[in-house]
Amino acid sequence: MKLIFKFYQFLGKYKLRMALFLGVVTIGTILETIRPYWLKMILNSSEAGKVNDIYYYLGMFGLSVIVGNLISAYGYYLSDRILVPLSSTIREVVFQKIMELDFAYHVDKSTGSLISAFRRGDSAVFTLFFNIHNELYRVLIGLIVTLYFLTTASWEIAGVLGVLFLFNIGLMWWLIARNLKTRSEFNKADDEVAGVIADGMINYETVKFFAAEIKERKRLSFKLIDWGNKLLVYGNSFRAMDIVIGTVSGLGVLLMLWMTINKLGKGLTNGDMIMVAGFVTGFYYQFFNLFFKIREIAKSTTDLEKYMGILDNEIKVKDPRIATKRKVVKGKIEFINVGFVYPKNKQKILDNISIKINSGERVALVGRSGAGKTTLIKLLLRFYDVSEGVIKIDGINIKRMRKTTLRSLMGVVPQEPIMFNNTIKFNLAYGKDEASMEEIREAASKANILEFIEKLDKGWETEVGERGIKLSGGQKQRLAIARAMLADPKILIFDEATSNLDSESERMIQGALNQAAKSRTVIVIAHRFSTIRGADKIIVLSNGNVVEEGKHDELIKKGGIYKMLWTLQAKGKLPNEENKIEN
């Protein structure tokens, strides 16, 4: 019921169109349903020898057929004028919700499953609307018209039809409840199949690296076994519906026809018999139509539940009700007694972290894998909220800023940049829609990728492929660096942005980064220590704690974790091993 209410909330935007549409459907259905009455009047007039009346009622019959058909077509036209924008609106709202949901939501979700939910959900919007308003509503109007004219012939026959209708509704409710359960189970299996297919497509390069094509087929085949079994169970639930509803409806129609025949000459004319037979036999197919449409509505409801259920997900990292605004941003960052526990596994990743980064400073975060470097950046971007402590920018708690405002202050270059399946120009200018071509070329030049782009056959309009597959790792990184520079943020974050570059490109980009850093705060997550020797401050993390802090030369003299990691990377051996060799 909640789902239907939500569906009609979206429909509420089209009140006037809906009123016109339902009015047209009502008139069209009445004209279609009333035809047995005109047949009765034609027969009665024929028996009475009233030729003029025969032609009159024949004309009314023809008019109901022609006009009813035209009005019905107009009704479908009006429904399309509602359905198309309705579907677009729901798609946009659900997509926006997915984009707004927390980082944690996307970590836990399968892309294939979400795409599958979109595909089925959008189809369900069309099916639900069509079956409720174009079909179910017509059946109900047809029932009212049929009952009205049957009462003019016999209250008993009309009563049997009413009881049969209600009895069938009860049967449908019971059968459809079973059908919904099997549909839900089939959907889960279908999502798993879609997940495996999407996983294989996204990671096809890895599949080829390991010659695992057959392995992936077997993985899919295993999922398809369960999918096939659940689909058969789901299909069998439909067969049960066909048998039960068909049998009950058929017996009910036979009973009403038998009653009509017995009343001939006892209050019912031949014209009445023709009318009753027309209405009853016509409504027999309406029972099946009603059943099929309710079945489709139930199926659509199940599909729509997951689709629109996305809107029920809570955004846990919330914007403040009243946000703090700063016209001038300096870029000073403070982590004050920050602790963080991942919501799912309750594992403490950071413990009492306090770091101060002054405006314009270039700071490097180093440490073993899992030390908490990337987590600090995720907290700074508010992908998650801190479990303890506070993070400030220019003295303002970042929780008091809108997330869009906060993230607009920062440009991020990840270690493995992902590109949109679009042109080089689209990807480079993604963070600054209003950028001029001169600005775009300047950013590309600073990132040492301009010459490469302009030598391409299609230049800036070259498609990079899904996730940027047509570019090399170094080209993607340079494009990501150019994208971050073009956005001109006050804070730049590099997750070892030069790790995939050759030595010459690295040298050129380091020069550009040094130039950019003069007026910006720069945070570098360092995996290649040679790139951070000139950092104003190096912060060493271990097991979620800050264990060392200082410049390169200071930390080397201390002889702690940083010196061990530096020596291991620079010379391929640990400090104590070096001493043993020298001794």
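What follows is a walk through the helix packing, the salt bridges and a few local features of this structure. Keep in mind that the model is predicted.

Let's start with helix 7, which spans residues 155-202. One of its partners is helix 9, residues 213-262, and the axes of the two come within 9 Å. They cross at roughly 170 degrees, which makes helix 7 roughly antiparallel to helix 9. As for what sits in that contact, its residues divide into 29 nonpolar, eight polar and eleven charged.

Another partner of helix 7 is helix 6, and here the axes are 13 Å apart. The packing angle is about 175 degrees, so helix 6 and helix 7 are also roughly antiparallel to each other. The residues of the contact of helix 6 with helix 7 split into eleven nonpolar, eight polar and five charged.

Now for the charges. The structure holds 23 salt bridges, and a good one to look up in the viewer is the pair of Asp190 and Arg120, where the closest N and O atoms are 2.7 Å apart. Asp190 belongs to helix 7 and Arg120 to helix 6 (residues 111-153), so this pair ties together parts that are 70 residues apart in sequence. Are these two partners buried or exposed? Asp190 has a relative accessible area of 14%, and because the cut-off for buried is under 20%, it counts as buried. Arg120 is buried as well, with a relative accessible area of 8%.

That pair is also part of something wider. Asp190 and Arg120 are linked with Arg119, Asp191, Asp303 and Lys306 in a network of salt bridges. If you want to explore that network on screen, selecting these six residues by number will bring it up: Arg119, Arg120, Asp190, Asp191, Asp303 and Lys306.

Back on helix 7, there is a salt bridge toward helix 9 too. Asp199 pairs with Arg219, and their closest N and O atoms are 3.5 Å apart. Asp199 lies in helix 7 and Arg219 in helix 9, so the pair ties together parts that are 20 residues apart in sequence. The setting here is partly exposed for both residues: Asp199 has a relative accessible area of 35%, and Arg219 has one of 31%. So helix 7 carries Asp190, whose partner Arg120 is in helix 6, and it also carries Asp199, whose partner Arg219 is in helix 9.

A salt bridge can also sit inside one helix. In helix 15 (residues 450-455), Lys455 and Glu451 are four residues apart, which separates them by about one helical turn. Their side chains meet in a salt bridge with an N to O distance of 3.1 Å. How much of each is accessible? Lys455 is exposed at a relative accessible area of 63%, and Glu451 is exposed too, at 56%.

Next, a look at the nonpolar side of the surface. Leu20, Tyr74 and Tyr77 make a nonpolar surface patch of about 300 Å². Of these, Tyr77 is found in helix 4 (residues 51-100). Tyr77 has a relative accessible area of 44%, which puts it in the partly exposed class.

Strand 1 (residues 333-341) gives us two residues to compare. Ile333 sits in this strand, and at 0% relative accessibility it counts as buried. In sequence Ile333 is 64 residues from Asn397, while in space their C-alpha atoms are 10.0 Å apart. Asn337 is found in strand 1 as well, but Asn337 is partly exposed, with a relative accessible area of 41%.

Asn337 also has a backbone angle to check on a Ramachandran plot. Its phi is near 50 degrees, a positive value in a residue other than glycine. Where else does a positive phi turn up in a residue that is not a glycine? Asp488 is one such case, with a phi of about 50 degrees. Asp488 lies in a loop, the one between helix 16 (473-487) and strand 7 (491-495). With a relative accessible area of 48%, Asp488 is partly exposed.

Conventions. Residues numbered from 1 in each chain as written. Predicted model: local features only at pLDDT ≥ 70, side-chain atom pairs only at ≥ 80, totals over all residues. Heavy atoms only, no water. Axes fitted to C-alpha atoms, helices over the stretch in contact; angles between N-to-C directions. Parallel < 35°, antiparallel > 145°, perpendicular 65-115°, else oblique. Nonpolar A, V, L, I, M, F, W, Y, C, P; charged D, E, K, R; others polar. Patch = residues over 30% accessible without salt bridge, like charges linked within 9 Å, V, L, I, M, F, W, Y side chains within 5 Å. Areas by Shrake-Rupley, 256 points an atom, 1.4 Å probe, with all protein chains shown as cover. Salt bridge = Lys/Arg side-chain N within 4 Å of Asp/Glu carboxyl O. Buried < 20%, exposed > 50% of the residue type's maximum accessible area, 1.4 Å probe, protein only.
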